[in-house]
Structures are given as C-alpha cells and as structure tokens.
Amino acid sequence: MPKTDLFESPDYYLMDELLSDEHKLIRQTVRDWVKKEVSPIIEDYAQRAEFPKQLLKGLAEIGAFGPTIPTEYGGAGLDYTAYGIIMQEIERGDSGIRSTASVQGSLVMYPIYAYGSEEQKKKYLPKLASGEMMGCFGLTEPDHGSNPGGMVTNIKDAGDHYVLNGAKMWISNAPFADIAVVWAKDETGKIKGVIVERGMEGFTTPETHNKWSLRASATGELVFDHVKVPKENLLPGASGLKGPLGCLNQARYGIAWGALGAAMDCYDTALRYSKERVQFGKPIGGFQLQQKKLAEMITEITKGQLLVWRLGTLKSENRATAAQISMAKRNSVEIALNIAREARQMLGGMGITGEYPIMRHMANLESVVTYEGTHDIHLLITGHDVTGLDAFK
Ligand code: TGC
Ligand code: FAD
C-alpha cells in the first residue's frame, strides 16, 4: 500500500552549516527522487524479492552512477562529500538500491577509470554512467570471502585472448549485468582484472534465491567455463590484490554514509511513532525507557554524521586512508543495526510489518555488515593499523 514518505533528516549538531549549497541541493534532489520513486514501491518489491529495474534510469539521472567520475567520461565530477550524500539518501530508501549504485559507480566504473586503458574508458564509462549498460564486480568466491587473496579463478594466456575459468559467488547485480569486472590470477599467481561481457561463450550468471536480506537487490553467481576473453579486456593498470581492494575503498566509503541513511530513517520513523502511539493514557514517547532509546539513537547518528563528514573532506583531498574508511564503514553499519533493532521494538507489533520500513532496513543491514569486509575484518584492519601487527593470519 503506497504511503506518503514524511522523512526529515535529523541535524542535531547543525551539520548543514558544514555543507555547501551544492551539497544541499544534491541532497534535496536525491531525497525528492527517493520519496517519489523508491518509497512507494520498495516494500512490495522487497516482499516479492524482485529488483525494481525501472529505477535504473532515475538513478542515472540523479547522478548515482559514478558521482566522482569526471564529466568527460559521463560521470558527475562531484566531490566525495556529494557522493556520500547521494549514498545516504538512496540507502535511506533501501540498502539494496544503494548497493546497485555502489557496485555500478565504485566497483565497475571506478576500476575502469582508475586501471583501464583510454579505449576502455571511452567504450564503457559513458554507457555505465547513463545506465544504458549495467555492471557487476566479481571478487568473492565460494571458498574465498574475507580472504580474497586465496582466489582460484584464473586466466591463462592463449595467444590472442585469455581463457578464464572459475566461479564467483554473492555478486550484486549479476543476474542482469551486461558486463562483469572479474578478478582472477594469471599463470604467475598475480591478481588481474578483466572485463567479461554477457554473451561470451561459457559465461553464466545464475541467480541466488531465498535471501532474507537485500530482497530488492539481485544477487547471483558468475560462472566461467573456458571463457575466451579478448586481450583488450584486461585492465592494464591493475596488478595484485591492491587492485580490487582499491575499489573496495570507494564502495566502503559510500556505505559509511549510506548506512547512516538507513539509521536516520529508522530513528525518524520511531520518533514520529512515539509521539502518536498512546498507551497508559499518554504517547509512548513520554516514557523514560522510550526516550532513552531515542536519545541514544540521535547521539550515535550525530557522532556518525561528524565522522563521515570529516572522512568526506579527507577523501576529497585524497588524504583518507583505507583504515580510516574501514573504521567509518564498521561504525556506521554497527550503529545502524543497533538503531534498527531498537526502533523496531519501539513500534511494538507494528514494527514487524511492511507498513513501516524498519524491519526491511534491519534485514538489509545484516548483509551490509557482512559485505565489503565483515564487521570483524574491519576491526582487524583498525587493529593492524594501530599496532602494526597483522592478526588476520
Ligand atoms: P594484504 O597483504 O594486507 O594486502 C595485499 C595488498 O593490498 C594492499 N591493500 C590495499 N590496497 C588498497 N586498499 C586497501 N583497502 C588495501 N588493503 C590492503 C596492501 O598494501 C598490499 O599491497 P602490496 O603492494 O604489498 O601487494 O592482504 P591480505 O591477503 O592479508 O588481506 C587483507 C584483508 C583481509 C584486509 C583484505 O583482503 C580484506 O579487506 N578482506 C575483506 C574482503 C572484502 O571486503 N570483500 C568484498 C567483496 S566485494 C563486495 O562485498 C561488494 S558488496 C557490494 C554491494 O552490493 O554494495
Ligand atoms: P567468511 O570470509 O567465510 O567469514 C565468515 C566469518 O568468519 C565472518 O564472521 C568473518 O568475520 C570471520 N572471519 C573470517 N576471517 C577471519 C579472521 N582472519 N579473523 C577473525 N574472523 C574472521 N562480493 C563480491 O565480490 N561482489 C559483490 O557484488 C558482492 N555482493 C554481495 C551481496 C550480498 C547480499 C552478500 C551477502 C555478499 C556480497 N559479496 C559480494 C560477498 C561479501 O563480500 C562476502 O560475503 C564477505 O566478504 C564475507 O565473505 P564470506 O561470506 O565468505 O564469509
């Protein structure tokens, strides 16, 4: 049942004063689009476990595909704060829709922009920016998730082409993507990136079903059975694990902002509900226990806003470290999950229904806390950064 989306973002520490007029305009544009196009339909699509493909055109129009990619390649040429704001507003609507944008911009366009040849940039980037072409990113394998360096997918030089074999798992956008940026080891064991196109013989993308999380996002496998990949599809500038990990920095940064959007939506919903729902003769928002939940939510959201705003400034100045990005991704997703769980309780029985967005956000965030590096992995990255000691192995 379509309902009016009344969302208002909390701004307890007057963070708006730190944003430019352009940032605020971008936020309003994306928020209006989410209210008009995403909120009325998303619950239905999530219940049906279907990706709303009709949103792709609108996502491209609001600049969600490659916001920081230069305009000469079809991107929006924006700074990282603007990119973060776009992700925040989209994930406020649904993490699955933000996933589609993250993958397209940070994990498909970014590697082509950062590691691709001029021909590859010209061939793919404008079409990816406009949504005419959609992409996916294949790093994770059935036996190599947190440890992508152990991957077994491989390319072998066969003269005028490479032969690609292996399989990737848990790949967002795979079922409908036109191209896949795939990470595979060459004969020397070096990790390389190749662009695989739908239609290449031996390449299939079976869909992953029965997810309780990110139900409005399409997830699948990438299977390569002696796929002939033309030599010109190799990304010349990427060699080693730092190639794919460099892309993850971009996407993790977007998630740090995005998860805060989901948290804000849960807080806003619970706050509104607490003023309207009457029990024992007064609004439940008047009880101390409910106020404790709301006060802690707004405190965590405000701390998170300050963290990502500062990170955005550092990232725009090319000074943000990978470890700083890990800290923000981990923090935002953790507080968003906690806020979603508390907000759900505040709505009582209504909290488990699709009448309100909270349970959907909560279920979505269970994927967000796992993908792009799990909660534990990001903690170990921080631990490594502050001690200099590697606790992964
Ligand atoms: P390690 O030896 O530490 O590093 C290998 C090389 O990579 C460099 N490096 C990085 N470079 C850029 N950015 C980073 N964040 C980097 N982290 C490491 C490093 O300097 C080294 O370079 P070099 O020149 O010495 O070779 O690697 P390790 O094998 O010990 O693994 C480290 C670990 C565990 C941190 C890393 O592998 C990791 O982050 N694991 C988590 C895997 C992950 O996040 N997978 C995400 C898959 S994609 C996804 O989930 C998309 S969801 C999309 C959506 O729907 O939104
Ligand atoms: P594992 O690596 O098996 O981890 C299992 C548990 O062990 C975790 O709790 C982990 O924290 C813990 N653990 C692992 N290593 C250590 C250690 N050294 N120390 C302590 N604890 C450890 N991948 C892509 O490449 N592209 C995508 O588009 C993509 N989209 C995704 C979409 C969804 C909906 C999901 C759920 C995943 C997606 N992924 C994608 C995969 C995602 O990145 C992986 O699931 C994630 O990196 C974790 O890998 P894993 O699932 O194999 O878990």
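The paragraphs below go through the domains of this predicted model, the contact between two of them, and the surroundings of its two ligands.

The chain falls into three parts, with domain 1 spanning residues 15-129, domain 2 spanning 135-233 and domain 3 spanning 242-387. Between domain 2 and domain 3, the distance from centre to centre, taken over C-alpha atoms, is 30 Å. Where these two domains meet, nine residues of domain 2 and eleven residues of domain 3 take part in the contact.

The area that domain 2 and domain 3 bury between them comes to about 750 Å², and 74% of it lies on carbon and sulfur atoms. On the side of domain 2, Ser146, Ser213 and Leu214 together account for 50% of the area buried against domain 3, which is more than any other three residues supply. Zero salt bridges are counted between the two domains, whereas four residue pairs, both members at pLDDT 80 or more, are in polar contact across domain 2 and domain 3. Sorted by class, the face of domain 2 that touches domain 3 is made up of six nonpolar, two polar and one charged residues.

Ser146 appears again around ligand 2, where it is listed with Phe137, Thr140, Trp170 and Thr374 as the nearest of 18 surrounding residues. Both backbone and side-chain atoms of the protein approach this ligand: a backbone N or O atom of leucine 139 lies 3.0 Å from one of its oxygen atoms, and a polar backbone atom of tryptophan 170 is 2.7 Å from a nitrogen atom of ligand 2. From the side chain of threonine 374, an N or O atom is 2.7 Å from an oxygen atom of ligand 2. On its own, ligand 2 has 980 Å² of accessible area, of which the protein covers 68%.

Ligand 1 is surrounded by 26 residues, and the closest of these are Ser172, Asn249, Arg252, Gly373 and Lys393. For glycine 373, a backbone N or O atom lies 2.8 Å from an oxygen atom of ligand 1. Serine 99 also faces an oxygen atom of ligand 1, with a polar side-chain atom at 3.0 Å, while a polar backbone atom of leucine 245 is 3.5 Å from a nitrogen atom of ligand 1. Taken alone, ligand 1 exposes 1,100 Å², and the protein buries 73% of that area.

Conventions:
Residues are numbered from 1 along each chain as its sequence is written. Chains are lettered from A and ligands numbered from 1 in the order in which they are written. This is a predicted model: local features need pLDDT of at least 70, side-chain atom pairs count only at pLDDT 80 or more; totals for chains, interfaces and linings use all residues. Side-chain values use heavy atoms; hydrogens and water are left out. Domain bounds come from an automatic or database domain assignment. Contact means heavy atoms within 4.5 Å. Buried area is the accessible area (1.4 Å probe) that two parts lose on being put together, summed over both. A salt bridge is a side-chain nitrogen of Lys or Arg within 4 Å of a carboxyl oxygen of Asp or Glu. A polar contact is a pair of N or O atoms within 3.5 Å; within protein, one must be able to donate a hydrogen and the other to accept it, and residues adjacent in sequence count only if both atoms are side-chain atoms. Ala, Val, Leu, Ile, Met, Phe, Trp, Tyr, Cys and Pro count as nonpolar, Asp, Glu, Lys and Arg as charged, and the others, Gly among them, as polar. A residue is near a molecule or strand if one of its heavy atoms lies within 4 Å of it. Accessible areas come from the Shrake-Rupley method with a 1.4 Å probe; for residues, only the protein chains shown count as cover.
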